[in-house]
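Work through the exercises below with the sequence and the model open. Each task is followed by a solution in steps.

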Amino acid sequence: MGGRQGALRTGLGCALLLALFLLGFLAGWLMKPTKKTTSSANAYQNVRQKLVAEMKAENIKQFLRSFTKFPHLAGTEQNLRLAMQIKAQWKEFGLDSAELVHYDVLLSYPNETQPNYVSIIDDQGNEIFNTSLFEPPPQGYENITGVLPPYNAFSAQGVPEADLVYVNYGRTEDFFKLEREMGINCTGKIVIARYGKIFRGNKVKNAILAGAKGIILYSDPADYCAPGVDPYPGGWNLPGGGAQRGNVLNLNGAGDPLTPGYPAKEYTFRSEVDEGVGIPKIPVHPIGYHDAEILLRILGGPTAPDSSWRGNLNVSYNIGPGFAGSYSIRKVRMHVHTHSKITRIYNVIGTISGAEEPDRYIILGGHRDSWVFGGIDPTTGAAVLQEVARSFGKMVMEGWRPKRTIIFASWDAEEFGLLGSTEWAEENAKVLQERAVAYINTDSSIEGNYTLRVDCSPLLYKLVYNLTEEIASPDEGYEGKSLYESWLEKDPSTESKSHPRINKLGSGSDFEAYFQRLGITSGRARYTKNRRTDKFSNYPVYHTVYETFELVEQFYDPTFTKQLTVAQLRGGLVYELADSQVIPFNCQDYGEALRKYTNRIYNLSKKHEEQVETYGVSFDLLFSAVMNFTEAAADFHRRLKEVDVNNPIAVRIMNDQLLFVERAFTDPLGLPGRKFYRHIVFAPSSHNKYAGESFPGIYDAMFDIENKADQRKAWEEVKRQISIAAFTVQAAAGTLKDVAKEQGTSRLEHMANS
């Protein structure tokens with residue numbers, strides 16, 4: 001009995017001690033502050049300032065000089081050596097790990113013994129004019145080996161002969177003009193299109209749809225020469241013998257053409273090459289404008305329909321088909337012997353593991369491969385990536401570590417269809433969908449030197465604006481002012497003059513698989529030209545042998561301060577995303593963007609008011625879903641302000657909601673005919689891969705709808721796409737609801753049932 005009483009007293013004593021402990025714990029917990037203290041906030045900001053101050057323009061210059069000494073085309077020994085150099089430097093910088101990750105993908109190269117060129121032939125088949133086989137090398141590079149002649153990767157092989165037709169930029173509307181208004185049929189013809197306005201692969205696709213046997217691409221001075229500027233090396237304009245290289249695939253996000261959707265590893269099943277995704281069935285070849293002028297000068301047929309069809313060559317820009325007058329018996333012959341082969345490529349992947357949330361990833365990635373020296377594309381980006389990695393590594397060696405894991409990526413084979421980045425995304429898709437917070441792209445850091453350009457998810461708008469307010473502007477005449485101020489003055493938003501312009505993400509670089517397929521919040525930033533006055537496309541020597549270190553040093557960024565500014569912004573984005581206690585996304589900006597995009601697509605439908613009424617097309621459910629998302633976002637950010645930042649579970653819950661909101665805008669079925677583009681709000685335009693389109697499913701369904709044979713069926717597809725968009729936006733709103741409360745019935749359901 002005494003033993004039982006002792007045990008009882010002991011039990012009561014333990015219970016009392018436990019109760020006192022819990023009471024003290026709760027009292028202490030409740031007395032904790034719910035916001036960051038001033039000292040901790042200052043310390044946090046000081047770390048970022050130290051990181052940014054560590055970045056040096058001189059280092060970027062030296063990385064650029066080192067990386068551009070030799071050509072480094074994907075699949076070559078030079079590019080592998082560069083990958084190994086970057087890997088070794090990352091380890092030296094202090095990253096936790098750096099490794100090469102390989103894939104075996106389909107690449108495309110010119111035939112070394114049978115060159116590609118274009119001829120004019122007489123009625124006996126004799127070649128009386130041949131285009132150049134190579135570009136004249138720039139001074140100082142005459143003895144460099146490994147420079148391949150201009151070519152269009154993945155062109156079909158062939159030696160077609162036909163009359164020539166000039167098709168302007170080769171856009172959808174250009175072919176409509178020829179066929180519907182001018183009565184010119186391109187079937188069985190060879191067409192010639194000038195580079196610019198849209199992705200070259202879209203030009204080739206349009207030519208195939210028009211029935212062409214082959215397509216010649218050239219760079220017109222109107223698009224690749226700025227007024228009053230000399231050709232390189234005297235200036236930064238394109239010389240007449242320069243020709244733009246580039247792939248002409250229509251992959252629509254598939255990655256390696258032989259293993260769409262799956263990583264191109266040793267164990268992966270591969271299609272036959274002639275069944276590869278997006279590979280054109282006609283020959284394609286690029287030429288310089290000196291050669292193009294000879295072809296265009298003797299074209300017959302009607303003159304250009306208007307000034308938008310005329311470039312700056314000394315020709316009349318006749319359309320054809322065929323040559324004029326005494327030249328009418330002559331035709332054009334293409335010689336294209338480009339071949340494809342499965343080739344090993346190498347990504348470099350480096351990591352800094354997070355101290356508190358190692359299972360949350362921020363990815364900073366950009367490609368390393370280039371068509372020749374890559375003076376601007378991509379190496380101004382690769383040099384910036386290297387300096388950002390060095391600066392982060394130094395911070396780690398000094399004892400700092402981010403809350404979340406940072407992944408650095410040097411991608412291979414971007415120029416061949418975003419292959420290295422897409423294959424890695426495919427191999428790691430399950431992990432990335434669960435763990436990736438954001439992807440920041442680090443392709444070319446300059447394409448001009450006038451002002452900043454940013455393309456990103458609306459979730460990043462506020463973070464971008466905040467960071468640019470704290471970075472000094474490198475622009476002449478803006479000393480003492482912020483990057484935000486110079487950016488705002490030079491390129492204000494068309495919707496709100498109080499903010500700088502931010503563009504929609506399209507494609508054309510390595511963020512594609514992460515944003516468009518996996519739904520990972522993404523962004524990119526670089527310096528660009530004056531959008532309002534500079535009418536030339538991109539930068540004039542794009543993808544030519546003239547993209548050298550000297551081009552950048554002498555003309556684009558002599559002090560390397562523009563590239564340093566981009567490094568500071570890209571590095572600042574990575575730091576904030578990796579080390580902020582609460583992920584710095586703003587869902588309310590997304591709501592405002594959705595409202596704007598919905599109004600735009602609705603206004604587009606009003607051009608067909610009669611059909612909209614006849615077929616019962618309504619946007620009401622989409623407007624309602626956007627309103628629901630806007631309200632859910634406002635409520636979410638109200639709760640976010642009140643969250644106890646000292647409660648790691650509460651913070652993690654809110655962060656997870658922020659992390660997955662972008663994913664909520666993806667549809668596993670993808671867009672019609674483009675299953676790897678799964679984002680319902682954003683996708684590359686079907687008519688120009690480089691440009692972003694909002695609500696692409698609806699937009700594509702309405703494109704050229706008045707010429708569809710079955711109008712009822714066409715408008716039913718519009719209604720289906722509106723339904724998909726409304727559901728997706730409503731589902732995204734649901735992800736922002738308070739997880740502790742029952743969500744109840746949505747306004748969308750009420751409207752549908754009323």
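A disulfide is a pair of cysteine sulfur atoms within 2.5 Å. The model used throughout is predicted.

**Exercise 1. Cysteines**

Task: Find how many disulfides the structure holds, and explain why C456 is not bonded to C587.

Solution.
- Step 1. The count of disulfides is 0.
- Step 2. The cysteine sulfur closest to that of C456 belongs to C587 and is 14 Å away, too far for a bond. The cut-off is 2.5 Å.
- Step 3. Seen from the other side, C587 is in no disulfide, and its nearest cysteine sulfur is that of C456.
- Step 4. With a relative accessible area of 3%, C456 is buried; C587 is buried too, at 0%.
- Step 5. C456 belongs to strand β16 (residues 451–456). Leaving out residues up to four places away in sequence, C456 touches Y461, V464, I502, N503, L505, S522 and G523.

**Exercise 2. The nonpolar core**

Task: Which residues of the largest nonpolar core touch the most other members, and which helix gives the most to this core?

Solution.
- Step 1. The largest nonpolar core has 217 residues, and F408, F416 and F629 touch the most other members.
- Step 2. Helix α22 (residues 711–735) is the top contributor, with 10 residues.
- Step 3. Take F629 as the example: among the residues it touches are V729, A732 and A733, along with C587, Y590 and F665.

**Exercise 3. An open sheet**

Task: Give the strand order of the open sheet of 4 strands, and state which strands stand at the edges.

Solution.
- Step 1. The order is β3-β2-β11-β5, with antiparallel pairing.
- Step 2. β3 (127–130) and β5 (161–162) are the edge strands; each has a single partner strand, so one side of each lacks a neighbour in the sheet.
- Step 3. Strands β2 (residues 117–121) and β11 (residues 331–335) pair over 5 bridges. In this pairing, S119 stands opposite R333 in β11.
- Step 4. R333 also forms a salt bridge with E127, with the closest N and O atoms 2.9 Å apart. This pair links strand β11 to strand β3, 206 residues apart.
- Step 5. R333 is buried at 11% relative accessible area, whereas E127 is partly exposed at 28%.

**Exercise 4. Surroundings of R360**

Task: Is R360 buried or exposed, and which polar partners does its side chain have?

Solution.
- Step 1. R360 sits in strand β13 (residues 357–367) and is buried, with a relative accessible area of 7%.
- Step 2. The side chains of R360 and D656 share a polar contact of 3.0 Å.
- Step 3. A polar atom of the R360 side chain lies 3.2 Å from the backbone oxygen of E434.
- Step 4. R360 and D656 are part of a salt-bridge network that also includes E357, D359, R404 and R652.

**Exercise 5. Long-range salt bridges**

Task: Which parts of the chain are tied together by the salt bridge between K50 and E398?

Solution.
- Step 1. The structure holds 46 salt bridges. In the one between K50 and E398, the closest N and O atoms are 2.9 Å apart.
- Step 2. K50 is in helix α2 (residues 38–54) and E398 in the loop between α9 (379–397) and β14 (404–411), so the pair ties together parts 348 residues apart in sequence.
- Step 3. K50 is partly exposed at 46% relative accessibility, and E398 is partly exposed at 45%.

Terms used. Residues numbered from 1 in each chain as written. Predicted model: local features only at pLDDT ≥ 70, side-chain atom pairs only at ≥ 80, totals over all residues. Heavy atoms only, no water. Core = buried A, V, L, I, M, F, W, Y, C linked by side-chain atoms within 4.5 Å. Buried < 20%, exposed > 50% of the residue type's maximum accessible area, 1.4 Å probe, protein only. Helix = DSSP H or I, 4+ residues; strand = E, 2+ residues; numbered from the N terminus. Contact = heavy atoms within 4.5 Å. Pairing = 2+ DSSP bridges. Polar contact = N/O pair within 3.5 Å; in protein donor to acceptor, adjacent residues only side chain to side chain. Salt bridge = Lys/Arg side-chain N within 4 Å of Asp/Glu carboxyl O.
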